[in-house]
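Trainee: I would like to learn how to read a model like this one step by step. Could we begin with a small detail and work outwards?

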Amino acid sequence: MAEIKFYCTDPVPLELHKVRIVQKLDLVPVERRVRAMAEAGFNTFLLQNRDIYLDMLTDSGVNAMSDRQLAAMMVADDSYAGSATFTRLTDKLREIFGTEYFLPAHQGRAAENILAMSFVQPGSIIPMNYHFTTTKAHITRLGGQVEELISPQGVELTSSCPFKGNFDLDRLERLMADKGRRIPFVRIEAGTNLIGGQPLSLGNILAVADIVHRYGSLVVLDASLLQDNLYFIKTREEAARDLSVRQITRKIADAMDIIYFSARKLGFARGGGIALHDRALYERMRELVPMFEGFLTYGGMSVREMEAMTVGLEETMDMDVISQGPLFIRYMTEELEKLGVPVVTPAGGLGCHLDASRFLPHVRQEEYPAGALAAAAYIAGGIRGMERGTVSEQREADGSEHLASVELLRLALPRRVFTLSQVRYAVDRIKWLYDNRDLVGGLRFVQEPSSLRFFFGRMEAVSDWPDRLAQAFRRDFGDSL
Ligand SMILES: Cc1ncc(COP(=O)(O)O)c(C=O)c1O
């Protein structure tokens, strides 16, 4: 997607693709939306698709595929062992990352499981710029602990800092010096998910690798959101302006010991895996693949998806492809900002992020403002977002609530899926909700699983606020959907 100038209006992001397959959507009446939200226990994960108009829950496994990806799926080599599809995928990773070895896994968290089982033991410390839900769950399950070293700007929700995902290098140096022996690896998360898809700079990534290697630990890249991060390095980092996306990718990969990813994100398909340079590291993890995932040449993935991933990885090297997400997200974020709606700035990757703490300042953190905003956005517009705040945390060992450092509602923009008019509709309904924010109240748990509670937990509204919100909708929109 290029930034094309317009003759008589301000430019809008212009697609360099056309749509050839579509899926019909429904927009159900607001009264049904209130009921559907209650049936889903005020948890957007538990909504049924038939009740959803814009599914902005995630980009995971729901990005639009290209014609070339679909064509490649037809030539997949379906065999249990020795599949040519696996060789093609490994070759593509070698070409892009320069990695010799590849361990396939059925998705990103499965790669995290293998990594954690190979390196984490009770007392281990795993530093990272910021945690991701499944990563932290695997590390803590094995008795390790996560240490977040995000730079102070990372959790400032409104900022002009171009690389809010950066590590605080001084803290990393001190931690490595004090506790290096308990640190088997440091994890770098590209396109830092939970703070709004915020990138790290190439300079910061390379500096982290230098520090960690000086202390003899390993550097692991979670490359799930690398494609957005590559776009931001290319467009925001002076020192990288003259490098191609391929060259930036290679510089990053050369400095890593292990690269793992969710191919539901990176490569626009479904699957995952671990790419490595070193044979000894590869052998250390290898036996866990057939035990938990599947034989070494498919690792729980369908070979069709592996073929699509191979093509998707190649397409990730193309700025016209990887710019679509960030440019649409920037458009949505800036339109909301113009209307005074509190959003995370600068716009990152993955989706547009609303700052629930400023959107709903009257809802206490113990009553889950980001969860309440997710429910309200669904009622206001049939828009399904994802809570990324305290509901997505897990309780402390003593059962007390772990209040998140940021309360966000993520409205993901899966790549090439939504049109600009759908984005404008979402902006319109969010603005309406903001003007009626006083009507929105909090939530409380009625069923709370002990881990990853945001997936299955059920909540209820603390008052009849959902009905009052629906009445306000009817008052303002008449019998419109
Ligand atoms: C940064 C990051 N790491 C890991 C994962 C886990 O990947 P998966 O959903 O494929 O298990 C995700 C998924 O959203 C992610 O965003």
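Mentor: Let us begin with one pair of residues: L354 stands opposite L409, which belongs to β12. Please keep in mind throughout that this is a predicted model.

Trainee: Which strand does β12 join, and how many bridges join them?

Mentor: The general idea is that strands of a sheet pair through backbone hydrogen bonds, and that they do so either parallel or antiparallel. In this case β12, residues 408-412, is joined to β9 by five bridges, and the two strands run antiparallel.

Trainee: What is the order of the strands in the sheet?

Mentor: The sheet is open and has three strands in the order β9-β12-β11, with antiparallel pairing. Its edge strands are β9 and β11 (386-388), each of which pairs on one side only. From one strand to the next, the twist averages 30 degrees.

Trainee: What should I look for in the loops around these strands?

Mentor: A useful background is that most residues other than glycine have a negative phi, and that most peptide bonds are trans. Here the peptide bond from T345 to P346 is cis, with omega near -5 degrees, and P346 is found in the loop between α14 and β9. A second case is R416, which has a positive phi of about 65 degrees although it is not a glycine; R416 is found in the loop between β12 and α17 (420-435).

Trainee: Moving outwards, which domains does the assignment give?

Mentor: The domain assignment gives domain 1, which covers 30-59 + 321-477, and domain 2, which covers 67-317. The C-alpha centres of these two domains lie 28 Å apart, and 23 residues of domain 1 are in contact with 27 residues of domain 2.

Trainee: Which element gives the most to the side of domain 1 that touches domain 2?

Mentor: That element is β9, with three residues. At least two residues of this side are supplied by each of α13 (319-322), α14 (324-338) and β9 (351-355). Sorted by class, the side of domain 1 that touches domain 2 has nine nonpolar, ten polar and four charged residues.

Trainee: How do I read the surroundings of the ligand, and which residues come nearest?

Mentor: One can list the residues around the ligand and then sort them by class. There are 14 residues around the ligand, and Q107, G108, R109, S224 and S262 come nearest. The shell has two nonpolar, eight polar and four charged residues.

Trainee: Finally, how many helices and strands does the protein have?

Mentor: The protein has 19 helices and 14 strands. Its radius of gyration is 22 Å, close to the 23 Å that the globule rule gives for 481 residues, so the protein is as compact as a globular protein of that length. Along the principal axes, its C-alpha atoms fill a box of roughly 65 × 55 × 45 Å.

Note on methods:
Residues numbered from 1 in each chain as written. Predicted model: local features only at pLDDT ≥ 70, side-chain atom pairs only at ≥ 80, totals over all residues. Near = placed C-beta within 6 Å. Nonpolar A, V, L, I, M, F, W, Y, C, P; charged D, E, K, R; others polar. Domains from an automatic or database assignment. Contact = placed C-beta atoms within 7 Å. Helix = DSSP H or I, 4+ residues; strand = E, 2+ residues; numbered from the N terminus. Pairing = 2+ DSSP bridges. Axes fitted to C-alpha atoms, helices over the stretch in contact; angles between N-to-C directions. Rg over C-alpha atoms; globule rule 2.2 N^0.38 Å.
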